[in-house]
Amino acid sequence: AVAAAEAEGAEAILVLTNHGSLPPVVSAYRPQVPIITFCPSAKLARRLQLHRGVHPIVGLGGVSFSKRPEYAVTDAKAMGFVGSGDTVVVVTMEESEELGRAGTMKLITVP
């Protein structure tokens with residue numbers, strides 16, 4: 001995700017997490033852009049603040065998994081982290097019964 005963000009000139013990396021294991025991994029690669037992390041609880045958000053470049057936001061509860069990236073981009077734009085026409089990298093961890101946990105990454109242009 002960090003290499004993709006640097007190669008594409010992304011303005012931010014958006015990480016969608018339920019358990020908090022993904023943001024520290026992204027942070028370890030020391031990206032030059034902010035890591036905007038959407039998490040489900042204030043407790044998890046406080047834990048994630050300890051990692052370099054991670055800006056936790058509590059939210060996206062009750063949003064279907066398939067619509068979470070869209071809502072995350074909209075929220076990041078509303079908060080001023082990104083603007084129209086910017087490229088962002090969205091990273092998330094999906095859980096399925098057949099595959100277990102699988103990470104996904106998308107490059108999205110902010111509308």
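Here are some questions and answers about how this predicted model is put together.

Q: How many of the residues of strand 2 are buried?
A: Side chains in a regular strand alternate between the two faces of the sheet. In strand 2, Ile35, Thr37 and Cys39 sit on one side and Ile36 and Phe38 on the other, and both faces are covered. So for strand 2 (residues 35-39) the count of buried residues is five of five.

Q: Which residue in strand 2 does Ile13 stand opposite, and in what sense do strand 1 and strand 2 pair?
A: Strand 1 covers residues 12-16, and it pairs with strand 2 over four bridges. The sense of that pairing is parallel. Across from Ile13, the residue in strand 2 is Ile35.

Q: Through which helix does the chain cross from strand 1 to strand 2, and what is the handedness of this crossover?
A: Leaving strand 1, the chain runs through helix 2 (residues 22-28) before it gets to strand 2. That makes a β-α-β crossover, and its hand is right-handed.

Q: Which residue of strand 3 stands opposite Ile36?
A: Strand 3 (residues 54-58) pairs with strand 2 in the parallel sense, over five bridges. To get there from strand 2, the chain goes through helix 3 (residues 42-48) in a right-handed β-α-β crossover. Opposite Ile36, strand 3 places His55.

Q: Is Thr17 buried or exposed?
A: You'll find Thr17 in the loop between strand 1 and helix 2. Leaving aside neighbours within four places in sequence, its contacts include Pro23, Phe38, Leu48 and Arg68. Its relative accessibility is 4%, so Thr17 counts as buried.

Q: What is the distance from the side chain of Thr17 to the backbone nitrogen of Gly20?
A: The Thr17 side chain has polar company in the backbone. It reaches the backbone nitrogen of His19 at 3.4 Å. For the backbone nitrogen of Gly20, the distance to a polar atom of that side chain is 2.8 Å.

Q: Where is Ser27, and which backbone oxygen lies 2.7 Å from a polar atom of its side chain?
A: Ser27 belongs to helix 2, and it counts as buried because its relative accessibility is 7%. Beyond residues up to four places away in sequence, Ser27 touches Ile35, His51, Arg52 and Val54. The backbone oxygen at 2.7 Å from its side chain is that of Arg52.

Q: Which element gives the most to the largest nonpolar core?
A: This core has 16 residues, and Ala5, Ile13, Val15, Val26, Val89 and Val91 touch the most other members. Elements that give two or more residues include helix 1 (2-8), strand 1 and strand 4 (87-96). The top contributor, with three residues, is helix 3.

Q: How many residues are in the second, separate core?
A: Ala12, Phe38, Ala72 and Val88 are among its members. This core is separate, and its count is 14 residues.

Q: Why are the buried residues of helix 4 on the same side, and what arc do they cover?
A: In helix 4 (residues 68-78), the buried residues are Arg68, Pro69, Ala72, Val73 and Ala76. They pack against strand 1, strand 2, strand 4 and strand 5 (100-109), while the face turned away carries the exposed Glu70 and Ala78. An α-helix has 3.6 residues a turn, so residues three or four places apart point the same way. The buried residues lie on the same side of helix 4 because they cover an arc of only 135 degrees.

Technical notes
Residues numbered from 1 in each chain as written. Predicted model: local features only at pLDDT ≥ 70, side-chain atom pairs only at ≥ 80, totals over all residues. Heavy atoms only, no water. Buried < 20%, exposed > 50% of the residue type's maximum accessible area, 1.4 Å probe, protein only. Pairing = 2+ DSSP bridges. Right-handed = clockwise from strand over helix to strand, strands pointing away. Polar contact = N/O pair within 3.5 Å; in protein donor to acceptor, adjacent residues only side chain to side chain. Contact = heavy atoms within 4.5 Å. Core = buried A, V, L, I, M, F, W, Y, C linked by side-chain atoms within 4.5 Å. Arc of directions from axis to C-beta.
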